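User: I am a first-year student, and I would like a close look at the interior of this protein chain. Please explain what is packed together there and how its side chains pair up, taking me through it slowly.

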Amino acid sequence: MELPSAPGPERLFDSHRLPGDGFLLLALLLYAPVGFCLLVLRLFLGIHVFLVSCALPDSVLRRFVVRTMCALLGLVARQEDPGLRDHSVRVLISNHVTPFDHNIVNLLTTCSTPLLNSPPSFVCWSRGFMEMDGRGELVESLKRFCASTRLPPTPLLLFPEEEATNGREGLLRFSSWPFSIQDVVQPLTLQVQRPLVSVTVSDASWVSELLWSLFVPFTVYQVRWLRPVHRQLGEENEEFALRVQQLVAKELGQTGTRLTPADKAEHMKRQRHPRLRPQSAQSSFPPSPGPSPDMQLATLAQRVKEVLPHVPLGVIQRDLAKTGCVDLTITNLLEGAVAFMPEDITQGTQSLPTASASKFPSSGLVTPQPTVLTFAKSSWARQESLQERDSQRDKPRRLTELKGTGWHPEPQDGDWGQPSPNSQQAG
């Protein structure tokens with residue numbers, strides 16, 4: 001079965017909570033004082049909702065009372081076609097939008113949802129999840145749970161996407177393990193609407209999602225029941241999952257994609273670490289009046305050339321024009337981010353002493369010969385090495401200036417010398 005052109009991860013996940021429209025942002029600012037008051041009041045009311053849900057046994061009365069109290073919290077649960085609900089089906093399949101989808105469906109019908117990739121804990125229980133141990137035994141444990149003969153039977157509510165989306169564009173690929181539990185499942189669609197802000201953000205925690213749910217005026221959860229779907233003869237779990245995914249996507253007016261939770265994690269990683277020009281590049285050129293940008297670029301390129309003599313000067317200048325940072329250009333060249341044809345190192349190193357000697361024809365000082373270049377892996381080490389080479393390059397000029405003032409260098413290398421006795425007596 002071929003899938004139509006599917007949206008990318010940037011359309012399935014919202015990265016910003018606040019609206020981009022100026023009018024909606026102004027409305028949110030005006031509503032903020034009211035929202036904070038509602039947040040405080042609903043936090044106290046939410047404690048009572050939790051206590052009532054723990055005290056009352058699972059029944060129609062409990063669901064009615066808790067559903068009414070949740071409406072005061074701004075969490076409104078609605079359902080369409082409740083007559084299609086088949087109570088003999090033990091596995092319910094739904095798309096995933098918010099961290100509280102299972103709580104909303106539990107207000108409409110009795111169900112249990114396991115929390116994946118999390119050990120049993122009080123938080124797991126308090127959020128309404130069924131405590132299960134590990135993914136390895138998960139499927140077998142769920143099969144035993146569905147095969148139990150206790151009355152009334154409690155169905156499983158599973159989210160094959162395993163990660164929440166924004167609920168507008170498409171569905172993640174359905175995992176096959178929920179469809180290996182039983183040969184018949186009942187799908188349902190879930191749509192969530194909320195004014196002023198996004199329903200969910202890709203990297204937000206369930207605590208922040210809860211606070212935003214209590215802050216906004218209301219959040220409407222619309223549940224629509226679909227007819228049960230049976231496994232066809234000889235149908236594999238992957239084919240069964242794909243068929244149910246397409247059915248749910250069609251009812252939602254969305255597209256079933258091949259994206260997985262791993263694609264969502266990669267998308268979030270790219271959002272946190274975009275390959276943009278660093279801020280330090282903007283401060284490489286001082287704002288004060290000075291040499292022209294071409295002269296500054298040539299100076300920076302010469303510094304990179306001293307560190308990497310085998311790199312052509314034109315390649316260095318082109319990368320510096322993009323980055324504006326010596327250290328970043330050196331990193332790009334060392335890591336292979338910039339392609340180039342290496343030059344002959346002997347030609348590059350011989351040109352430097354000739355240029356230095358022409359500046360001081362009568363000083364009689366010997367220009368330091370180029371040493372073997374080693375490249376540090378860290379940026380701070382390369383910067384320190386670069387500063388040391390600048391100091392060695394300026395040493396002949398400093399010696400000439402000190403010699404004119406009566407200072408004479410000692411034979412030891414690296415010592416600037418002491419004043420001669422004659423100059424002290426003359427003073």
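Analyst: What follows starts with the chain as a whole, moves into its interior, and then turns to pairs of side chains.

The model is predicted, so every value below is computed from it. The protein chain holds 16 helices and 10 strands, and of its 427 residues 40% count as buried. Its exposed surface comes to about 24,700 Å², with carbon and sulfur atoms supplying 58% of that area. Among the contacts in the protein chain with a separation of 6 or more, 73% are made by residues 24 or more positions apart.

Let us now go inside, to the largest nonpolar core, which has 26 residues. The residues with the most contacts inside this core are L157, L188, Y221 and V223. Two or more residues of the core are given by each of α2 (22-55), α3 (60-72), β1 (75-80), α4 (101-108), β5 (184-193) and β6 (219-225), and the largest share, four residues, comes from α4. There is also a second, separate core of 23 residues, which includes M130, L158, A241 and A249.

What does L157 touch, leaving aside its neighbours within four places in sequence? Its contacts are L92, S94, H102, V105, C111, S112, T113, P114 and L188. The last of these, L188, is itself one of the residues with the most contacts inside the largest core.

Helix α4 deserves a closer view, and L107, which lies in this helix, is a useful place to stand. L107 counts as buried because its relative accessibility is 10%, and the cut-off for that word is under 20%. Not counting residues up to four places away in sequence, L107 touches R63, V66, R67 and C70. One of these partners shows how the chain folds back on itself in numbers: L107 and R67 are 40 residues apart in sequence, yet their C-alpha atoms are 5.9 Å apart in space.

Helix α2, one of the elements that contribute to the largest core, overlaps in numbering with a stretch that carries an annotation in a record. UniProt, in an unreviewed entry, places the feature "transmembrane region" at residues 23-56. In the model this span is 97% helix and 0% strand, and its end C-alpha atoms lie 44 Å apart.

Aromatic rings can be considered next. A pair of aromatic rings is described by the distance of the centres and the angle of the planes. Counting rings whose centres lie within 6.5 Å, the structure has seven aromatic pairs. One of them joins F174 and F179, with 6.4 Å from centre to centre and 20° between the planes; this pair is called stacked because planes under 30 degrees apart count as stacked. Both partners are buried, F174 with a relative accessible area of 5% and F179 at 0% relative accessibility. Elsewhere, Y31, F36, W212 and F215 form one aromatic cluster.

Charged side chains also pair up, and a search of the whole structure finds nine salt bridges. In one of them, E163 meets K264, with the closest N and O atoms 3.2 Å apart. This pair links distant parts of the chain, since E163 sits in the loop between β3 (156-158) and β4 (170-171), whereas K264 belongs to helix α9 (residues 261-272), 101 residues apart. Are the two partners buried or exposed? E163 is partly exposed, with a relative accessible area of 31%, while K264 is buried, with a relative accessible area of 6%.

A further salt bridge joins the side chains of R231 and D183 at 2.9 Å, N to O. It too links distant parts of the chain, with R231 in the loop between β7 (229-230) and α8 (237-252) and D183 in the loop between β4 and β5, 48 residues apart.

The loop between β7 and α8 also holds E235, which forms a salt bridge with R243, the closest N and O atoms being 2.9 Å apart. E235 is buried, with a relative accessible area of 9%, and R243 is partly exposed, with a relative accessible area of 23%. Salt bridges that share partners also join D81, R224 and E251 into one network. Returning to E235, and leaving aside its neighbours within four places in sequence, its contacts are H230, F240 and R243.

Notes: Residues are numbered from 1 along each chain as its sequence is written. This is a predicted model: local features need pLDDT of at least 70, side-chain atom pairs count only at pLDDT 80 or more; totals for chains, interfaces and linings use all residues. Side-chain values use heavy atoms; hydrogens and water are left out. Rings of Phe, Tyr and Trp (its six-membered ring) pair if their centres lie within 6.5 Å; planes under 30 degrees apart count as stacked, over 60 as edge-to-face and the rest as tilted. Buried means under 20% relative accessible area, exposed over 50%, partly exposed in between (1.4 Å probe, protein chains only). UniProt positions are given in the numbering used here, feature names are shortened, and annotations may be inferred rather than shown by experiment. Contact means heavy atoms within 4.5 Å. Accessible areas come from the Shrake-Rupley method with a 1.4 Å probe; for residues, only the protein chains shown count as cover. A nonpolar core is a set of buried Ala, Val, Leu, Ile, Met, Phe, Trp, Tyr and Cys residues joined through side-chain atoms within 4.5 Å. A salt bridge is a side-chain nitrogen of Lys or Arg within 4 Å of a carboxyl oxygen of Asp or Glu.
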